[in-house]
Amino acid sequence: MRVIGLISGTSVDGIDGALVEISGSPGDWHLELLAGTTLPYPVDLRSQILDVCAGKSLSMPELAELDDAIATVFADAALSLQQSSEPAELIGSHGQTVFHRPPQNHQLGYSLQLGRGELIAQLTGLTTVSNFRVADIAAGGHGAPLVPILDTYFLRHPNYDRCIQNLGGIGNVTYVPKTDNQILGWDTGPGNALIDLAVEYFSEGAQTYDRDGAWAATGTPCIALVEQWLEQDFFQQPPPKSTGRELFGVDYWQRCLREAEPYNLSPADILATLTELTVVSIHHSYCQFLPELPDQILLCGGGSHNHYLQQRLQTLFAPIPVFSTSELGLNADFKEAIAFAVLAYWRLLEIPGNLPSVTGAVSEVLLGEIHPVFTPNVIRSQSLTLSGLKTLRF
Ligand SMILES: Nc1ncnc2c1ncn2[C@@H]1O[C@H](COP(=O)(O)OP(=O)(O)OP(=O)(O)O)[C@@H](O)[C@H]1O
Ligand SMILES: CC(=O)N[C@H]1[C@@H]2OC[C@@H](O2)[C@@H](O)[C@@H]1O[C@H](C)C(=O)O
C-alpha cells in the first residue's frame, strides 16, 4: 500500500512528508521511500506556533483557526508529494506538538498535536490517521517516543547492539540490542532546539540554525556550564522519560544566557557550549541507563547534518563508530515521517504501534484515530478498507 507519513517536530521548521510503499507481513515488512519533501511553514504561522509552545494563551476560536491552518499546510505537503508519484491511499499525520506533559505519579500525561486529521482527510480525499499519542497516554505511557518500534523492525542487526539517536529539536534514543533483549528508548534532552534559539538571537533573526555546525565550530565549549546544566533533574531521571519545548524552550535558553554572563563567552563559545550540552547529555544518559554501551551509534534527524555535533559525539564515544541511518538505507531526514506512515498502516491492520518498554504504558495499544473521507452519501474510506481487507486478509 502507498502511504504518506507527515510530521512537524519540535524544531517547528516545517512539515516532513514521506510517500512510502509498504509491503510484507508481521516480522517481514518491506519499505520503499518513493518521495520525500520538506514544506517550510509560512513565517507567520511558524511564529504563532512557537508563541503557543512558549505558553501564549489562545481563545477557543483562535485555537480552532490555528488547528485548521496547520492541517491545511499538512494537506498541502501530502498533495505536493503526489504530484510526481502515483497517488497515495492513506495518510498518517503526526501533526504539530504544541504541548506535552509527561505522566507524573498517578496523573495521566497530556500531549496535544494540532492539524486535525479530519480536515486533512477532507482536503486530500485520503483516509487519514492522526492523534497517535493519546492511546499510549491513556494506557499510562508517555506517548513518546513512538519511532523506536520502526528502529526495531528496520535497524536491528544480528551482530551489533545499536543506538539510534534522533537529533531533532529534542533528542531521543532507541537502544536495539542484537539479541531479543528488551528494546529501550527515551528522550535524551535538547537536540537542536536551544542551538536554534541561540542562532536566531545572535544573528538577530537572520539565521534559524547553525548550518553544519560551522558557527559553533569556531568557539570553545565552557565545560563548567555544561556540568552545571547537566545537574538538572531531567538528565538524572531514569527512563521512561519524555520532554519538549516546555522544558528546553525559550525560558531555558534565557536562563542559559544569564548563567553564561559571568564567563564572558562569545556567541560562538555559547553555541559550542549548547552543542556540547546536547552531546554530553546523550553520553551521560547512555552511560547511566543502558545495560552497556552500544557497538554502533546511528544518527538521524536534522542535527545529523551538523558536522561539529557529529564530530563531538564521535570524539566522546570513540572508538564506537557514529554514522547516519542514511548510510544503512533508512533516510535520516524522513525517518520520522516514514514511521507515521507505517504506524497508520498498522492502525488499519490493527497492529499495536507502541513499545511499553519505551513509553511506560501498561500494555500494547492501537495507535491513532482513523478519519474517513466523507463525500455526499458515500464514505470513501469504506471501499479503501474493504479492498484492504481482501488483500491484507483482515
Ligand atoms: N545542515 C544542517 N546543519 C546543522 N543543523 C541542521 C542542518 N539541517 C537541519 N539542521 C537542524 O535540524 C533541525 C530540524 O531537524 P528535524 O526536522 O529532525 O527536527 P524535528 O523533527 O522538528 O524535531 P523532533 O525530532 O524533536 O520532533 C533544524 O531546526 C536545525 O537545527
Ligand atoms: C511529544 C512529542 O512530540 N515528542 C517528540 C519530540 O521530538 C523528539 C522527541 O521529542 C520524541 O519523543 C517525539 O517525537 C518522535 C517523532 C517520536 O515520538 O519518536
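This passage looks at how ligand 1 sits in a predicted model of the protein. Local features need pLDDT of at least 70, side-chain atom pairs count only at pLDDT 80 or more, and totals for chains, interfaces and linings use all residues. Residues are numbered from 1 along each chain as its sequence is written, chains are lettered from A and ligands numbered from 1 in the order written, and side-chain values use heavy atoms, with hydrogens and water left out.

A good place to begin is the shell of ligand 1. It holds 22 residues, each with a heavy atom within 4 Å of the ligand; the closest are T10, D196, D212, G302 and E336. By class, three are nonpolar, twelve polar and seven charged, with Gly counted as polar and Asp, Glu, Lys and Arg as charged. Domain 1 (2-149 + 334-371) and domain 2 (157-328) each supply at least three shell residues; these bounds come from an automatic or database domain assignment.

Polar contacts (pairs of N or O atoms within 3.5 Å) come next. A polar side-chain atom of T10 is 2.4 Å from an oxygen atom of ligand 1, while a polar backbone atom of G169 lies 2.9 Å from a ligand oxygen. For D212, a backbone N or O atom is found 2.7 Å from a nitrogen atom of the ligand. Taken alone, ligand 1 exposes 650 Å², of which the protein buries 88% (Shrake-Rupley method, 1.4 Å probe).

T10 deserves a second look. This residue lies in the loop between β1 (2-8) and β2 (14-25), strands being DSSP runs (E) of at least two residues, numbered from the N terminus.

Note on methods: A polar contact is a pair of N or O atoms within 3.5 Å; within protein, one must be able to donate a hydrogen and the other to accept it, and residues adjacent in sequence count only if both atoms are side-chain atoms. Helices (H or I, at least four residues) and strands (E, at least two) are DSSP runs, numbered from the N terminus.
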